[in-house]
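Visitor: Please take a close look at one part of this protein for me, and then place that part in its surroundings.

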Amino acid sequence: MYAAHFGLRSEPFSLTPDPAFFYLSPDHAEALAGLKIGLENRRGLMLMVAEVGMGKTTLLYSMLDQLDPQVHTAYLSNTRLSFDDLLRQALADLGQPCPSRDRVDLLTALNTFLHERAAVGETAALIIDEAHCDHLVAALDDILSGGVTGIITDYVARFVRASR
């Protein structure tokens, strides 16, 4: 309806955020720049907090579209998954599926991937959208508190967390 009336090539209002229709306000530009700088400078943990409907997900999609190919990302949006399922999803998104269901094997696979990327000067980032769920915060704490060898001291991985 809108597309035909205004002569648009595609539908501008969708249930799925589309970076093609992202309005880069000064506040959004600052948030996007902060996230990109954090990833490029290998900061360990970044957090973006905003009210519902302010464009966090669309901003993350926009950032993902702009990242260098040497930045490997896992984008997690189904935050109701268990810690092990989140690990499996992250590994699959990073192109490293792990057939095992054992947590130690999953953490080992993630750890190996992160160290391999770091060894060749590449960046790995875990992007978590809707990261306000209590069990997800606990899972992230598990990862940061040593579930992945050297993650805190070496900043092998970057974490971007969006929450309201």
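Guide: A92 lies in helix α4; helices (H or I, at least four residues) and strands (E, at least two) are DSSP runs, numbered from the N terminus. This is a predicted model, in which local features need pLDDT of at least 70 and side-chain atom pairs count only at pLDDT 80 or more, while totals for chains, interfaces and linings use all residues. Residues are numbered from 1 along each chain as its sequence is written, and side-chain values use heavy atoms, with hydrogens and water left out.

A92 counts as partly exposed because its relative accessibility is 45%; buried means under 20% relative accessible area, exposed over 50%, and partly exposed in between (1.4 Å probe, protein chains only). From A92 to A74 the C-alpha distance is 8.0 Å, with their positions 18 residues apart in sequence.

Helix α4 also gives two or more residues to the largest nonpolar core, as do β2 (71-76), α5 (103-119) and β3 (123-128). Such a core is a set of buried Ala, Val, Leu, Ile, Met, Phe, Trp, Tyr and Cys residues joined through side-chain atoms within 4.5 Å. This one has 17 residues, of which L76, L87, L110 and L126 touch the most other members. Leaving out residues up to four places away in sequence, L76 touches L86, Q89, A90, L126, I127, I128 and D129, where contact means heavy atoms within 4.5 Å.

Confidence is given by pLDDT, the predictor's confidence in each residue, from 0 to 100. Its mean is highest in helix α4 (residues 83-93), at 89, and lowest in helix α7 (residues 151-154), at 41.
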